[in-house]
Amino acid sequence: MIGEVERYLLNKIKEDGAIHMTLIDPEDVTPRSASTTAREAEECQSSAIMIGGTTLVSTMHLDKVVKAVKSVVEIPVILFPNNITGISKYADAIWFMSLLNSSDPYFIAGAQVLGAPLVRKLGLEPIPMGYIIVGEAGAVGVIGRACSIPHNKPELAASYALAAQYLGMRFVYLEAGSGAKQAVSKEMIRAVKNVLEVPLIVGGGIRTGQHAKEAVAAGADIVVTGTVLEESSSRKEIKERIMRIIEGIKEGVNRRYRR
Ligand code: 1GP
């Protein structure tokens with residue numbers, strides 16, 4: 001059941017303690033700029049490229065972006081779908097995800113039912129993941145009709161994460177929303193990690209090495225960043241920012257062992 005990409009991620013987490021993934025929102029890029037970001041990310045040792053965005057509607061554009069990225073990197077390209085329009089045959093794998101705290105059954109199981117046959121037909125590797133929205137959350141909270149978990153209720157996030165694990169999801173994602181002012185707190189990451197045996201992904205509003213370090217020290221296994229790279233004006237800046245975040249992840253792993 002566990003595919004090649006998932007095995008790679010699990011091994012990488014085991015080897016490095018925690019890893020970084022670069023998120024590319026197809027709506028904010030051209031195929032060319034996406035491939036530049038992906039190449040820089042791979043050079044800086046980001047472990048995978050995720051491609052997806054909340055308001056994406058053009059599968060045609062998505063295909064072009066995924067194809068361009070795939071042609072320049074060796075690391076896996078994983079789809080991060082907002083809906084059935086977020087599926088592309090050019091990717092290696094897809095987060096087969098359920099927005100657990102949505103109030104709309106469409107985002108919990110409806111889109112998944114529609115998308116599953118296509119995922120199978122295209123031979124994409126599905127990686128089951130429980131997706132949990134936290135705090136203000138922005139666009140993803142609105143579109144996904146999330147009953148967002150307040151930042152000061154870590155125990156609620158832990159209950160959702162545990163339920164995801166008991167439902168058989170093999171990854172859990174705490175999402176503060178793209179470009180969030182407030183990233184997921186250390187307390188919430190710690191509370192979730194405390195009950196979880198599957199890898200924990202954390203994203204939304206992580207902009208600096210210090211942020212990444214704190215998230216990893218608290219228990220994040222995968223740190224996802226997107227906005228911070230979109231805000232970069234040059235290849236040099238993209239590289240520097242990714243390097244700082246990856247350095248922060250390494251420091252976070254070391255801090256865990258020092259406890
Ligand atoms: C969004 O968690 C991801 O889905 C990444 O968030 O864009 O804030 O890095 P940022």
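1. In this predicted model, helix α2 makes the greatest contribution to the lining of the second largest pocket, to which it gives four residues. The helix spans residues 31-43, and besides α2 the elements β1 (19-24), α9 and α10 (235-258) each bring at least two residues to that lining.

2. The second largest pocket holds about 230 Å³ of space, and 17 residues line it, with Ser33, Thr37, Leu229, Glu230 and Ile238 lying nearest its centre. When these lining residues are sorted by class, six are nonpolar, seven are polar and four are charged.

3. The largest pocket, for its part, encloses about 730 Å³ of space. Its lining is made up of 46 residues, and those closest to the centre of the pocket are Phe80, Pro81, Asn82, Tyr131 and Val140. The class division of this lining is 21 nonpolar, 20 polar and five charged residues.

4. As to the elements that build the wall of the largest pocket, strand β4 supplies the largest share, namely six residues. At least two residues each come from β4 (93-99), α4 (105-122), α5 (139-143), β6 (171-175), β8 (222-225) and α9 (227-230). Helix α9 deserves a remark of its own, since at least two of its residues belong to the lining of the largest pocket, while at least two are also counted in the lining of the second largest pocket.

5. Which space does the ligand take? The ligand occupies the largest pocket, where 13 residues surround it, and the closest of these are Glu175, Ser178, Gly179, Gly226 and Thr227. By class, the shell around the ligand consists of three nonpolar, nine polar and one charged residues.

6. Three glycines place polar backbone atoms at short listed distances from oxygen atoms of the ligand. For Gly179, a backbone N or O atom lies 2.7 Å from a ligand oxygen; for Gly205, a backbone N or O atom lies 2.8 Å from an oxygen atom of the ligand; and for Gly204, a polar backbone atom is 3.0 Å from a ligand oxygen. Taken alone, the ligand exposes 300 Å², of which the protein buries 96%.

7. For a reader who wishes to go through the model in order, the ligand site may be taken up with Gly179, one of the closest residues around the ligand, and the second largest pocket with Ser33 and Thr37, which are among the residues nearest its centre.

Terms used. Residues numbered from 1 in each chain as written. Predicted model: local features only at pLDDT ≥ 70, side-chain atom pairs only at ≥ 80, totals over all residues. Heavy atoms only, no water. 1 Å grid on protein atoms, 1.4 Å probe; cavity = no way out; pocket = protein on both sides within 12 Å on 5 of 7 lines; lining within 4 Å. Points joined across faces, edges and corners; volume = space filled by probe spheres on them. Nonpolar A, V, L, I, M, F, W, Y, C, P; charged D, E, K, R; others polar. Near = heavy atom within 4 Å. Polar contact = N/O pair within 3.5 Å; in protein donor to acceptor, adjacent residues only side chain to side chain. Areas by Shrake-Rupley, 256 points an atom, 1.4 Å probe, with all protein chains shown as cover. Sits in = over half its atoms within 2 Å of the grid points.
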